[in-house]
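User: Please take a close look at one part of this structure and describe how its strands and helices fit together. A single connected account would be most useful.

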Amino acid sequence: MSSNARNLNECLKTGGALADPDLDVKALLQAARHLKLAVYEVDCSRAKSKSAVLRAIANAVDFPEHFGGNLDALYDCLCDTVLDQPAGMVLALWQLHQDDPGLSEHAAAIAQVGEDVVEFARENGKAFTFVLDKADGAAEPGRTHSA
């Protein structure tokens with residue numbers, strides 16, 4: 001196992017944000033599978049507002065129909081989802097347009113929800129890692145990171 005793979009495994013075990021623009025997606029998915037973490041990938045390439053990002057997450061994670069569509073509901077549903085997983089989960093937001101005018105003011109709040117879920121997961125013996133893959137401005141609708 002390479003030192004990068006070992007570092008990635010440690011990051012996944014402890015949870016937290018992964019915002020490395022050079023993140024090896026294939027290695028991430030492989031490490032998550034190895035650690036028996038559920039992986040939810042969210043294509044945010046077309047989401048240009050907070051509500052669109054929340055809908056994309058809700059669809060990818062299969063939140064219940066009563067999902068409220070706000071940050072408090074996001075936190076609640078992510079915490080419920082983490083608890084449903086044997087070891088924890090990875091939530092990957094691919095091509096997040098965090099610098100776009102409709103989303104820039106909310107990107108930090110979405111990331112804060114992720115950090116709050118990390119703490120909740122740790123308190124409950126689970127791991128929660130989230131990836132914020134910043135869109136490069138040349139969004140490629142339909143781009144996926146599946147291994």
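Analyst: In this predicted model, six bridges join β2 to β3, and the two strands run parallel. Within this part, Asp 43 stands opposite Trp 94 of β3. The side chains of β2 alternate along the strand: Ala 38, Tyr 40 and Val 42 point to one face and are buried, whereas Val 39, Glu 41 and Asp 43 point to the other face and are not buried.

On its other side, the account moves to the pairing of β3 with β4 (residues 127-134), two strands that also run parallel and are joined by seven bridges. Here Val 90 is found opposite Thr 129 of β4.

Two helices pack on the sheet. The helix α3 touches β2 and β3, and its direction makes about 140° with that of β2. The helix α4 touches β2, β3 and β4, with a direction at about 135° to that of β3.

The strands belong to an open sheet of four, in the order β1-β4-β3-β2, with parallel pairing. Its edge strands are β1 (16-18) and β2, each of which pairs on one side only. From one strand to the next, the twist averages 15°.

Helix α3 deserves a fuller description. It comprises 12 residues, 50-61, and reaches 16 Å from its first C-alpha to its last, close to the 16 Å expected at 1.5 Å a residue. The buried residues of α3 are Ala 52, Val 53, Leu 54, Ala 56, Ile 57, Ala 58 and Val 61. Their cover includes β2 (38-43), α4, β3 (88-96) and α5 (101-123). After α3 comes Asp 62, which has a positive phi, near 65°.

A residue of α4 links several of these elements. Thr 81 lies in helix α4, which spans residues 71-84. Thr 81 counts as buried because its relative accessibility is 10%, under the 20% cut-off. Apart from its neighbours within four places in sequence, Thr 81 is in contact with Tyr 40, Val 61, Phe 63 and Met 89. Of these partners, Tyr 40 is one of the buried residues of β2, and Val 61 is one of the buried residues of α3. The C-alpha atom of Thr 81 is separated by 9.3 Å from that of Asp 62, a residue 19 places away along the chain.

Conventions. Residues numbered from 1 in each chain as written. Predicted model: local features only at pLDDT ≥ 70, side-chain atom pairs only at ≥ 80, totals over all residues. Heavy atoms only, no water. Buried < 20%, exposed > 50% of the residue type's maximum accessible area, 1.4 Å probe, protein only. Contact = heavy atoms within 4.5 Å. Expected span 1.5 Å × (residues − 1). Pairing = 2+ DSSP bridges. Axes fitted to C-alpha atoms, helices over the stretch in contact; angles between N-to-C directions.
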